[in-house]
Structure formats: C-alpha cells, structure tokens
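Hi everyone, thanks for coming. I'd like to walk you through one model today, starting with a bit of vocabulary and then looking at its empty spaces and its interface.

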Amino acid sequence: MSGTKYPGGIESLIRANSIHRAVYVDPRVFALEQERIFGRAWIYVGHESEIRNPGDYVLAQLGRDEVILVRQEDGGIVGLHNRCAHRGARVLPESRGNRRRLVCDYHAWSYRLDGALDGVPLAEGYAREINDAGEKHGLARVPRVESYRGFIFASQSSSGTGLKSFLGDMSIALDNFVDRAPAASVTQRGGRLRMEYRGNWKLFMENATDLVHPGFVHASSVAVARRAPQLAEDGGVTGQALQMLLANGLRLAEWNAVGVHSLPEGHAFMGGFYRDGVIAAERPDPVFRRYRDALVARHGEAKTDAILAVDRFNNLIWPNLSVNSRFQTLRVVQPVAVDRTVVSAFCFELDGAPAEMFELSLRFLNTAASPASMVASDDLEIFERCQSGLEDSALEWIDVSRGAVEEHVDADGARHAPGTSELPIRAQFEAWKRYMVEAAG
Amino acid sequence: MSRDATLDPVGLETAQEIELFLFEEARLLDERHFDHWVDLFAADGYYWVPTNPAQDSPELTLSIFAEGKALLRLRAQRLGHPQMHVQNPPSRTHHHVTGIVARHSGDGEYEVRSLVLVAEWRNAEQRFFSCSCRHVLRRAGADLQIVLKRVDLLNCDAPHRAIAVPF
C-alpha cells in the first residue's frame with residue numbers, strides 16, 4: 001500500500017469550504033486513509049484498567065490490523081500484531097484474557113509477553129535463524145504504545161509527533177475525565193455497546209458536534225419527551241433519559257450560545273448543553289452531594305469547583321475518538337470499509353465515588369449509544385442516507401461553509417464559533433488533508 | 001438443572017391462555033399497535049434486552065434496551081411520530097413465536113420461556129433476530145400483565161444497525 005497515489009492528487013478533494021464526494025465513497029481514498037491516518041496517527045486502543053495484571057490482554061483494532069494489547073511483567077504495555085510469525089494464523093482468538101505465554105494453536109509456536117519467539121516444536125527442522133529465535137521471528141510489534149492518564153493510544157509509525165503533543169490542549173478532556181474521580185483513577189466497566197451503519201466513518205465524527213441537526217433529526221424524540229413533563233421530576237434513570245431527549249430541543253439561538261471549538265491538531269468539542277434535573281452540571285441530589293464531598297476531601301473547594309465547571313459535551317480526539325468526561329463515557333469510531341462503520345461505546349466508574357454515580361453514567365450511555373437508542377437510531381438512519389446520496393455523481397461537492405465567517409482564532413490556533421458553525425468539520429478536514437498529503441513516514 | 005425446571009408447570013388451560021397472550025403480543029408488534037403493546041406491561045413492568053447472555057442486571061452492564069413502562073410509552077409514541085426518520089419507510093416485521101413453556105413462579109406469577117424469530121423488512125433489506133425470551137407474567141383480574149420481558153438475542157454482543165421495533 002505504501003506510496004499509493006490518488007489520481008489528480010488527494011489535496012484536490014478538499015477545498016476551503018467544500019469536500020469532494022470521493023472522500024466518502026471511493027475505496028481508494030479509504031485505503032489511503034488506512035495507510036496514512038490509521039497507519040500513523042495516535043489511535044485509542046484501550047484503557048489501563050482492562051489489563052491490570054501481567055499477562056492480561058485485550059484485542060484492539062488499529063486501522064485494519066488486530067493487535068494484542070498486553071501488560072508486561074514489568075508493568076509496561078506492549079502492542080503486538082495478532083498474527084503468528086510462522087504461517088500467519090491469528091494467535092489469540094478470544095477478545096480478552098490472561099496468558100503467561102502467547103501460543104499459536106496451529107504449530108504451537110510460543111511467544112513471550114513482549115512478542116519474542118520463545119519456543120518452537122521440532123525447532124531443528126526449521127531454518128537456522130528461526131532456531132536462534134529472538135525478536136526477529138517474534139510477533140510484529142506496534143512501534144509506539146503510550147498511555148495518557150490511563151487511556152492507551154498506539155501508533156503504527158515509529159517516528160512522528162509524541163502522544164502528548166498530538167493531543168495538544170485536548171488532553172484537558174482526558175484530565176477532566178480522571179480528575180472527576182475522588183481517587184484520581186477510573187475503571188472501565190459495564191461491557192460495551194456497538195452500533196453499525198452503512199456509511200463512511202467520518203459522518204459520525206462530523207455529526208457529533210453538528211448543532212443544527214438535533215432539532216431536525218431528533219424532532220420525534222424531543223416531541224414525545226415534551227409530552228411527558230411529569231417524568232422530569234424523576235431523579236433517576238427515567239428522569240435522566242427524559243432530560244437527554246428534551247435537551248436536543250434547543251432553539252438555534254440557544255445552540256449558538258453552546259458554542260463549538262477546534263484545535264490545530266484537528267480535535268474539536270462543543271460546550272455543554274445539559275442544564276436541568278439529574279443531568280445538570282451541579283446536581284442537587286444527595287448522591288451528587290456525597291460525591292462532591294469526596295472530591296472536596298481530596299482537592300479542596302476551589303479545585304473541586306474548577307473540575308466540575310468543565311462542561312463540554314463531545315470532545316472529539318481526531319481521528320476517531322469521542323470523549324465525554326462529564327458522563328465518563330468514550331466512543332470509538334471504527335472504519336470497517338468505505339461505506340461501513342462500527343461505533344463502540346464504553347463507560348467508566350469514577351474510583352472513590354458513590355456507586356450510584358456509575359449507574360447514571362451507564363444509563364446515560366444506554367440512552368445515547370445503543371443501536372436501539374431513541375436518539376442515535378435516527379442519526380444512523382441519516383448517515384446511511386448520506387452515504388447512499390453521495391454515491392450519486394451528479395453533484396461532486398458537498399458544502400461545509402456554515403459559519404465560516406464567524407470564526408475567532410486564538411494565537412495558539414484554537415478556533416471558536418457559534419454552535420451552529422461547521423467549524424469542527426473544517427478543522428477535521430485540515431488534519432485529514434495534512435496526514436493524507438504528507439509522504440508516509 | 002436450571003432454576004425453571006424446579007418450578008411447577010402450569011395446567012393445560014393456563015398454558016393455552018399464556019400461549020395466546022404471547023401470540024397476541026406478537027400480533028400487536030407486527031401490526032404496529034405499539035401503544036397497545038405497552039398497555040400489556042404492569043405499572044412496574046420492565047423491558048430488557050441485554051448485551052451479554054450471562055448478564056444479571058441492567059444497572060451494572062450496558063443493555064440494548066432497558067426500560068420501564070414510562071420510557072416504553074415514549075418509545076411507542078415515537079414509533080407513531082412522522083419524523084421518526086429511522087422508520088421512514090417503516091419496518092415490516094414477523095414475530096415467529098415458538099417453544100412456549102410456562103411454569104408457576106409463586107406469588108401468582110408465571111415464568112414463561114419462548115423462542116422468537118423476528119424477521120424484519122425495511123429499505124429493500126431483510127434481517128433476522130433470533131431471540132430467547134423470558135416473560136414474567138402476573139395475573140391482574142381477568143388479564144395477564146408483563147412484569148418483565150427479557151429478550152436474549154443470539155447475537156446480543158454483535159454490532160447492530162439501528163433497531164426501532166422492539167423484539
């Protein structure tokens with residue numbers, strides 16, 4: 001794949017305020033994205049709480065490759081391609097577990113946790129260099145794996161920007177995620193939800209901070225929620241679900257006040273828009289009060305106030321991670337084919353917080369990210385309509401100009417705009433173009 | 001031996017009543033009488049589709065559906081709303097119900113197992129969901145009410161495209 005050229009040059013597909021439809025429907029563009037974006041950028045692959053002990057592993061998708069993320073004896077984390085160095089069989093068939101050695105079931109080649117070849121039955125029958133073992137014939141290793149506050153990212157490129165500078169100021173979203181835990185750590189829990197759509201992966205990332213769509217796409221769930229105001233009094237999961245449905249019914253002027261923001265690395269986020277009842281940033285209920293007390297015990301009043309005041313909704317870490325620190329959830333957008341995407345959603349327990357906090361986080365994700373969600377199901381439908389429409393070649397370009405005249409740029413390259421601006425989409429495509437055009441390396 | 005097998009089977013007359021109740025429930029879903037379907041639930045009734053076959057609660061593990069009657073009512077109303085895009089055009093479904101076994105679970109409630117194959121047609125595509133269902137039914141006057149409907153999808157842990165019509 002390396003060195004693939006797009007006819008006419010990939011940069012010709014991106015203009016300041018419009019995008020060529022090939023970016024969504026051409027399998028050659030998808031193949032290039034796998035090589036130049038998912039083959040190089042820092043991609044979220046898992047959380048440290050999933051692999052606490054030596055030998056604990058989870059399988060993760062890194063672009064087109066499946067990798068084994070495994071905790072080492074010394075506490076480090078290594079990423080290994082799940083492919084036997086002998087005849088290419090997938091080594092570990094289960095998505096998670098614990099192993100002292102990684103053994104292929106085909107001819108029993110055995111690897112250490114760091115991927116080095118450790119034992120080969122009938123070793124004398126193979127070529128001499130295999131007999132000598134060592135890393136050369138081990139499992140292929142992911143060049144870079146780094147954790148930021150427990151969130152593990154991997155890069156298939158051995159050089160390039162480090163994780164910290166790749167995240168830039170978006171590290172604030174991950175910091176706030178962990179800072180909200182009274183014990184200063186979080187634990188992934190509750191399994192995962194996965195939804196799929198027949199559409200390009202970028203459609204999800206573009207939609208996540210598109211604040212004009214909720215009033216139209218989510219009109220039906222807003223309408224039925226407005227008919228049930230009595231449920232708003234509920235301080236538990238029913239009230240939470242109702243408030244979430246209602247919140248999509250802001251007027252356009254109110255969405256503008258919510259605001260959208262982008263960072264020079266291609267990341268973007270929107271302001272918070274959950275203001276009422278059990279989803280308000282500062283809740284009046286006893287559970288939240290106990291939680292707040294635990295935070296104050298650790299941080300004191302001023303810092304606790306500062307932590308709880310961070311009110312952003314979808315924090316989009318380019319290219320494919322959505323972080324919600326206020327509700328302790330993550331969504332990972334996995335491109336499967338040019339017209340097929342799987343979105344996995346995870347929730348986390350705030351270590352040291354009252355147990356009830358976790359249920360609300362879990363149920364937040366249930367309402368937001370199940371394939372049966374009263375909200376997300378309509379988004380999935382629209383993504384599929386976009387994909388199907390973009391297959392039509394009558395119009396070559398789509399428009400992403402909304403709000404372009406209203407952007408404010410900081411000295412550090414951060415940009416801010418009223419909520420109905422398509423600023424985040426433009427910022428995502430600037431990063432996209434940078435990665436797609438640069439020679440792979 | 002499963003817990004069910006320790007419960008007493010119901011008599012023939014009750015067995016038939018329960019069987020007809022499940023067939024009627026399937027008809028309400030297939031004919032899109034979603035409000036009437038929700039009416040079958042007790043006030044404390046719960047509809048639950050887990051993501052894991054061994055899942056023992058909707059509180060600590062994510063679920064595809066996990067809703068009490070109030071939210072189910074909103075769901076039914078939404079299914080009648082013209083701007084529910086994911087049902088425009090609407091799905092056509094067949095709920096094929098089979099293998100119904102009902103037992104007494106004490107307190108006048110029944111523990112009912114069934115297998116349901118849901119065939120769904122929408123937008124020129126047909127898909128199938130194979131479901132193992134557990135109903136807890138309560139007698140309320142002349143009627144039966146759903147206290148719990150748990151649906152274990154054979155592929156509960158797969159990525160799913162949008163799901164709009166309940167199983």
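When I sort residues by class, Ala, Val, Leu, Ile, Met, Phe, Trp, Tyr, Cys and Pro count as nonpolar, Asp, Glu, Lys and Arg as charged, and the others, Gly among them, as polar. Please keep in mind that this is a predicted model.

Let's begin with the cavities. The count is nine of 30 Å³ or more, and the largest has a volume of about 340 Å³. What kinds of residues line the largest cavity? Its lining has 17 nonpolar, five polar and two charged residues. Nearest its centre lie A:F313, A:N314, A:R331, A:V375 and A:D379. Helix 13 of chain A gives the most to this lining, with four residues.

The second largest cavity holds about 180 Å³ of space. It has 17 lining residues, and A:R283, A:F288, A:R326, A:F327 and A:M357 are the closest to its centre. Helix 11 (286–309) and helix 12 of chain A each give two or more residues here.

Now, the interface. Chain A uses 44 residues to contact 34 residues of chain B, and the area buried between the two chains is about 3,200 Å², with carbon and sulfur atoms giving 56%. On the chain A side, A:R194, A:A372 and A:M374 lose the most area to chain B.

How many salt bridges link chain A and chain B? There are four; one to find on your screen is between the side chains of A:D378 and B:R78, at 2.5 Å, N to O. Strand 12 of chain A supplies the largest share of the side that touches chain B, eight residues.

Conventions:
Residues are numbered from 1 along each chain as its sequence is written. Chains are lettered from A and ligands numbered from 1 in the order in which they are written. This is a predicted model: local features need pLDDT of at least 70, side-chain atom pairs count only at pLDDT 80 or more; totals for chains, interfaces and linings use all residues. Side-chain values use heavy atoms; hydrogens and water are left out. Contact means heavy atoms within 4.5 Å. Buried area is the accessible area (1.4 Å probe) that two parts lose on being put together, summed over both. On a 1 Å grid over the protein atoms alone, a cavity is a set of points where a 1.4 Å probe fits but cannot get out, and a pocket is an open set with protein on both sides within 12 Å along at least five of seven lines; lining residues have an atom within 4 Å of a point. Grid points are joined across faces, edges and corners, and a volume is the space filled by probe spheres set on the points.
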